[in-house]
Amino acid sequence: MDGELLSDTFVELTDTMVVGFDVIDFMHMLTNRCVELLDVSAAGLLLADPRGELRVVAASSEAARLLELFQIQSDEGPCLECFRSGQPVQVPDLAAVVHRWPQFAPAAGQAGFAAVQALPMRLREQVIGALNLFRSAAGTFDRADIRVGQALADVATISLLQERNMRHSDTLNEQLQTALNSRVIIEQAKGKLAERLGMDMDMAFSLLRESARTSNRRLSDVAQGFVNGTEGLAGLNASGPRPPAPRPPNRPGF
Amino acid sequence: MTDSRSARVWSLVAAQSARHGGPVSAADVCLAAVAAVEVTGAWLIAARGAEAGHLMRVTDKASELLAELQVTLGEGPGPDAAASGGPVLASDLDETEAVRRWPAFAPAARQAGAAAIFAFPLQLGAIRTGVMSLYRVRSGPLSAFQLGDALVFADTATMLLLDAQDQLAYGAGPAGTGPGGQPADLTRHRAEIDQATGMLTEQLGVGIGEAFVRLRAYAYAHDRRLSDLARDIVARRLRLSPDPDLREENQA
C-alpha cells in the first residue's frame, strides 16, 4: 500500500471546511482513492436520502455505479444489507450466494465483479450510507485493506457530520440534495456529450471529468454549463472530428 | 421507502385538490405541504428562464409578503436555493449566520412573522422550474421525517409544473403520470432517463427542459414506460425526430 498516498488521503478526507467544499467531489475522491490504495477493482458509495431511499453518490467506474443502482432498484444486495444493519458485509464469492441475492449476484457477475466488501458509513447509531468495494476475482479481501477501507469510510463520515455541526445549519442535507441533483446534471451532460461525439457513457464521463480538471472547476459546474449550452468544454473541441463508431452501450437489464 | 412516501404525499395533494374540484395544481402542493410538514405557510415561485422568479402561489398573507421581500431585497433562502441548486434550510432567522448571510432579509422576515424558512429548488438536474418555500412562526429544524416529506412535495410540484409545460406545448395529457394521474417516481431508473434526456437535446436540437418534455410526450403518446423508453434511447435502439409532428423515429 502506498503510505504517502494513504496519509494524503486522510488529510483530504478531513478537509471539508474549505471554501467551495463539494460533497460529490469529496465522495468521488474517496472511491477513487480506494481503488488506488486497496486491492480492489472498483468502489461505490451510497448515501441515505432524507426521502427514505439510498442513492448512489459516487463510484470509481460506470460498471460499479450501474451495479449500485441495480441494487437499489432491485432492493437487494450486500450494500443494502450493510446499510440496514450498520455492519460490514463480506462476500468473497458472489457465485456462491445466488440463492441469497438471486438478482444481484448474477448482475454483479455480468458487470465483471466476483467479490464484494460493503462497509458502513456510520457514527455511533447514525448510519449515513455505505462504501462498497468490488473485486473482479473471487477470494477473501485482504484484512489490512478492509481495515483501511473502514478507516477511510469512518473519517469521511465524521468529516461530513462535523461539517454540519460546525456551520450550525443542515449543511449535510443541503449539500446532499445539491449533490444528488448534480448527479442528475452530470447524467444529462453525459447523454448530451455521448450523443454529440458518438461515444459511450463511460467515455463521456471521462471527458467531462478531464474538462473539469483542465479548467480547475467543479464537475457539476462544468456539466451544468455544458447542458445549458452556455459554455463549451475546456480541452475538448466539441465540433472536431468524430471518433470511431460508437461501441455498443450499456448492457440492457441495468 | 420512497414509493409509499410519494404515494402518501400524492394522496394528500389529491385530497387537497378534491376540495375545490379542479385539476391538481402546484397550489394544492403548497397547501398540502403546509399541513403535512407542520409549517405556517408556503409559497411557490416559478422560474422564468434564468431570470428572477414570478410568484405563482401563496398560502397566506405573510407568505406573499415574504416572497415579495426576497424579490425586492434580492436575497434570502429562496434566491440562494435557486442559485445553489440545493435546499436552503434556515431553521433560525435570528441566528448570527442567518443575519450575516441575509442582512436585509433576515430581520425583515422576522418582522413579517417568520422564524424559520426552508426553501426547496424545483428541479431535475439542469432543468429548473422554480422554488418552493415553507415558513414557520417558530424556529427550529425540520425533523428528518418532515424534511423527507418536504423534498417529496417539492418533487411533486416540479412534475406538476413540467406537466403544465407539456400541456401548453402539446395539449396532451401529462406524459409522466402513472396510474391515477400520479406523477412518475423518478428516483428509480433515473440515470437512464437523465442520459436519454441529454441525448435528446442533441437529437432534437432543443434545450434540456424541452428535451424532457419531449421524452415524456413520446412515452405518453406511445403508451410506454418512461424508463423503458429511456433505456432504448440510451442503447441507441431508438432516435427521436426533431419534428414532433413527423413521428418518424428510426428503429435500429
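Two strands count as paired here if DSSP finds at least two bridges between them. Keep that in mind as we look at chain A of this predicted model. There, β1(A) and β2(A) run antiparallel and are joined by 6 bridges. If you'd like a spot to zoom in on, try Leu45(A), which stands opposite Ala58(A) in β2(A). As for what holds such partners together, strands of a sheet pair through backbone hydrogen bonds, either parallel or antiparallel.

Now zoom out a little. That pair belongs to an open sheet of 5 strands in chain A, and walking across it you meet β2-β1-β5-β4-β3, with antiparallel pairing. At the edges sit β2 and β3 (89-91) of chain A, each pairing on one side only. From one strand to the next, the twist averages 20°.

Next, the domains. Chain A is assigned a domain 1 (3-168) and a domain 2 (176-228). Taken over C-alpha atoms, the centres of these two domains of chain A are 22 Å apart. Where do they touch? In chain A, 9 residues of domain 1 are in contact with 11 residues of domain 2. On the domain 1 side of that contact, α2 (23-37), β1 (42-49) and β2 (53-59) of chain A each chip in at least two residues. The largest share of that side, 3 residues, comes from α2(A). Sorted by class, the domain 1 side that touches domain 2 in chain A has 4 nonpolar and 5 charged residues, and no polar ones.

Chain B is split up too, into domain 1 (2-170) and domain 2 (189-234). For this chain, 27 Å separate the centres of domain 1 of chain B and domain 2 of chain B, again taken over C-alpha atoms.

Finally, a couple of backbone oddities. Most residues other than glycine have a negative phi. Asn216(A) isn't a glycine, yet its phi is positive, at about 55°. You'll find Asn216(A) in the loop between α8 (201-214) and α9 (219-228) of chain A. Is Asn216(A) buried or exposed? It is exposed, because just 7 other C-beta atoms lie within 10 Å, and a residue counts as exposed at 12 or fewer.

Chain B has a case of its own: Asp223(B), another residue other than glycine, has a positive phi near 55°. Look for Asp223(B) in the loop between α9 (208-221) and α10 (226-234) of chain B. With 6 C-beta neighbours inside 10 Å, Asp223(B) counts as exposed.

Methods:
Residues are numbered from 1 along each chain as its sequence is written. Chains are lettered from A and ligands numbered from 1 in the order in which they are written. This is a predicted model: local features need pLDDT of at least 70, side-chain atom pairs count only at pLDDT 80 or more; totals for chains, interfaces and linings use all residues. Domain bounds come from an automatic or database domain assignment. Helices (H or I, at least four residues) and strands (E, at least two) are DSSP runs, numbered from the N terminus. A residue is buried if 20 or more other C-beta atoms lie within 10 Å of its own, exposed if 12 or fewer, and partly exposed in between; C-beta atoms are placed from the backbone. Two residues are in contact if their C-beta atoms, placed from the backbone, lie within 7 Å. Ala, Val, Leu, Ile, Met, Phe, Trp, Tyr, Cys and Pro count as nonpolar, Asp, Glu, Lys and Arg as charged, and the others, Gly among them, as polar. Axes are lines fitted to C-alpha atoms, for helices over the stretch in contact, and angles run from 0 to 180 degrees between N-to-C directions.
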